[in-house]
Amino acid sequence: MDKSKRKELLEQYKQRKQTGGVYRIRNTITGRFFLHWEDDLDGAEQRHQFGVKTGLCNLPYLAVDWREHGGSSFVFERLETMEKGENQTREEYLSDLET
């Protein structure tokens, strides 16, 4: 990949709308769940899907259920979302998400 194309792709990545929020990974069989917030919900969901595809659990809190029921028994649920404002700093955005 040439440098100009790489630079263009990097700029597109930086300009994308960042959406964070609160999510839950829930076991559909037992009802147990992991509740968390993240500044990049797409990334969190991709990590979950990767775990399901590979059979690897990246959450120690759910590891026992994961081994017993398998990754396909877990669903990723977006509970609340928040987009980062244009003029908002990363620290302000993280503080708003944590609140």
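Let me begin with one pair of residues, where the side chain of D65 makes a polar contact with the side chain of N27, at 3.5 Å. Please keep in mind throughout that what we are looking at is a predicted model.

Where does D65 lie? It belongs to helix α3, which covers residues 63-69, and with a relative accessible area of 5% D65 counts as buried, because the cut-off for that word is under 20%. If we leave aside residues up to four places away in sequence, D65 touches N27, T30, R32, G70 and F74.

There is a second aspartate to set beside it, namely D39, which sits in the loop between β2 and α2. Is D39 buried or exposed? Its relative accessible area is 12%, so D39 is buried under that cut-off of 20%. The side chain of D39 makes a polar contact of its own, at 2.6 Å, with the side chain of R90. Again not counting residues up to four places away in sequence, D39 touches Q18, T19, G20, R90, Y93, L94 and L97. Of these contacts, T19 is worth a pause, since D39 and T19 are 20 residues apart in sequence, and yet their C-alpha atoms are 6.6 Å apart in space.

Moving on from that loop, we come to helix α2, which runs over residues 41-54. How far apart are the end C-alpha atoms of α2? They are 20 Å apart, and this agrees with what we should expect, because the 14 residues of α2, at 1.5 Å a residue, should span 20 Å. Within α2, the buried residues are L41, G43, A44, H48 and G51, and the buried residues of this helix pack against β1, β2, α3 and β3. As a general point about such spacings, an α-helix has 3.6 residues a turn, so residues three or four places apart point the same way. Just after α2, G55 takes a positive phi of about 80 degrees.

Two of those helix residues, L41 and A44, also appear in the largest nonpolar core, which has ten residues and includes Y23, I25, F34, L59, L62, W66, F74 and F76 as well. The elements that contribute two or more residues to this core are β1, α2 and β3. In soluble globular proteins, nonpolar side chains tend to be buried together. To finish with L41 itself, this residue touches T19, G20, G21, Y23, F76, R78, E80 and T81, once residues up to four places away in sequence are left out.

Terms used:
Residues are numbered from 1 along each chain as its sequence is written. This is a predicted model: local features need pLDDT of at least 70, side-chain atom pairs count only at pLDDT 80 or more; totals for chains, interfaces and linings use all residues. Side-chain values use heavy atoms; hydrogens and water are left out. A nonpolar core is a set of buried Ala, Val, Leu, Ile, Met, Phe, Trp, Tyr and Cys residues joined through side-chain atoms within 4.5 Å. Buried means under 20% relative accessible area, exposed over 50%, partly exposed in between (1.4 Å probe, protein chains only). Helices (H or I, at least four residues) and strands (E, at least two) are DSSP runs, numbered from the N terminus. Contact means heavy atoms within 4.5 Å. A polar contact is a pair of N or O atoms within 3.5 Å; within protein, one must be able to donate a hydrogen and the other to accept it, and residues adjacent in sequence count only if both atoms are side-chain atoms. The expected span of a helix is 1.5 Å times one less than its number of residues.
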